[in-house]
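Me: Could you take a close look at one part of this model for me, the loop residue that comes just before a helix, and then walk outward to the pockets and the sheet? I'd enjoy one connected answer.

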Amino acid sequence: MIQFINVSKKYNRTYALREINLRIEPGEFLYIVGPSGAGKSTLIKLLYRQIRPTSGLIRINKFNLTKMKNRNVPYLRRELGVVFQDFKLLPRLTTYENVAYAMEVTEKRPTIIRNRVMDVLNLVGLASKSRRFPDELSGGEQQRVAIARAIVNRPKIVIADEPTGNLDPQTSAEIINIFENVNRQGTSVIMATHNSEMVNQRPHRLIEVVQGQIVRDENKGAYHHAAIYR
């Protein structure tokens, strides 16, 4: 469970978020939408403790992110999988090695790593490209590697910041299919996106952030105000 209570984030004299209250239940699929500069990325960064709030309280399961010491952040992130728009793959590692690295840092046994990595590469459709390096893959394939890396440790929550931002519509649809499959297995998915067509076609819970505040929170039906995100 994720909870924001009266959370604000201020950069110098400007508020990126102001008095945010939000509760996300286990297993939800949530879109975060809004115009550029609305505060979506700030909200995402608060979730994985890249930044701290200026005021308010953030809880993720047993963790209090507001009071958390830096040395405990890695334990929080073991429960999270984060997918970035620019992939952040290690260029000198193969597809397999990029995904395996996420398990190696948690000191899993080699046999467990090997089996699990191949399972998730099958899930994202890249088992046949396990020996390819990032520069040998298309943008959509690199994003699939990033997703595989994010889910390989079976996190309770997957956070994605504009995961389809640089991809064509067909590839974007394939990426969302993967996230929906992950969500059906019980993992919460939180996705910041500008992709209005996807939001309309794949209705999940949606919050809209405008000028640092949540102005809409809806749980059902497609979203019909997509033009403001273009």
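Reply: Asp168 sits in the loop between β7 (157-161) and α6. Keep in mind that this is a predicted model. With a relative accessible area of 42%, Asp168 is partly exposed, because that class runs from 20% to 50%. Its side chain has a polar atom 3.1 Å from the backbone nitrogen of Gln170. For a sense of distance, take Arg78: 90 residues separate Asp168 from Arg78 in sequence, and their C-alpha atoms are 31 Å apart in space.

Going back to the strand on the other side of that loop, we meet Asp161, which belongs to β7. Asp161 has a relative accessibility of 17% and therefore counts as buried, the limit being under 20%. Beyond its neighbours within four places in sequence, Asp161 is in contact with Ser41, Ile44, Val83, Phe84, Gln85 and Ala192. Asn200 is 39 residues from Asp161 in sequence, with 18 Å between the two C-alpha atoms.

Now to the helix that follows Asp168, and the pocket there. The second largest pocket holds about 180 Å³ of space. Its lining has 13 residues, and those nearest the centre are Pro169, Ser172, Ala173, Asn195 and Met198. Two elements, α6 (169-184) and α7 (196-201), each give two or more residues to this lining, and α6 gives the most, with four. By class, the lining of the second largest pocket splits into five nonpolar, five polar and three charged residues.

Arg202 is worth a stop here. Arg202 lies in the loop between α7 and β9 (205-210). Its relative accessibility is 18%, so Arg202 counts as buried. Setting aside residues up to four places away in sequence, Arg202 touches Tyr31, Ala173, Ile176, Asn177 and Glu180. One of these, Asn177, also makes a polar contact with Arg202, side chain to side chain, at 2.9 Å. Ala173 links back to the pocket, as one of the residues nearest the centre of the second largest pocket.

The largest pocket comes next, with a volume of about 700 Å³. It is lined by 20 residues, and the closest to its centre are Arg77, Leu80, Ala102, Val105 and Arg149. At least two lining residues come from each of α2 (73-77), β6 (80-83), α3 (95-104) and α5 (139-151). The biggest share is that of β6, with three residues. In the lining of the largest pocket, eleven residues are nonpolar, four are polar and five are charged. One thread ties back to Asp161: Val83, a contact of that residue, falls within the range of β6.

Finally, the sheet. Four strands make up an open sheet in the order β2-β1-β4-β5, with antiparallel pairing. At its edges stand β2 (14-24) and β5 (63-64); each has a single partner strand, so one side of each is left without a neighbour in the sheet. In general, strands of a sheet pair through backbone hydrogen bonds, either parallel or antiparallel. Here, β1 (residues 2-11) pairs with β2 over seven bridges in the antiparallel sense. For a handy place to start looking at this sheet, try Val7, which stands opposite Ile20 in β2.

Terms used: Residues are numbered from 1 along each chain as its sequence is written. This is a predicted model: local features need pLDDT of at least 70, side-chain atom pairs count only at pLDDT 80 or more; totals for chains, interfaces and linings use all residues. Side-chain values use heavy atoms; hydrogens and water are left out. On a 1 Å grid over the protein atoms alone, a cavity is a set of points where a 1.4 Å probe fits but cannot get out, and a pocket is an open set with protein on both sides within 12 Å along at least five of seven lines; lining residues have an atom within 4 Å of a point. Grid points are joined across faces, edges and corners, and a volume is the space filled by probe spheres set on the points. Ala, Val, Leu, Ile, Met, Phe, Trp, Tyr, Cys and Pro count as nonpolar, Asp, Glu, Lys and Arg as charged, and the others, Gly among them, as polar. Buried means under 20% relative accessible area, exposed over 50%, partly exposed in between (1.4 Å probe, protein chains only). A polar contact is a pair of N or O atoms within 3.5 Å; within protein, one must be able to donate a hydrogen and the other to accept it, and residues adjacent in sequence count only if both atoms are side-chain atoms. Contact means heavy atoms within 4.5 Å. Two strands pair if DSSP finds at least two bridges between them.
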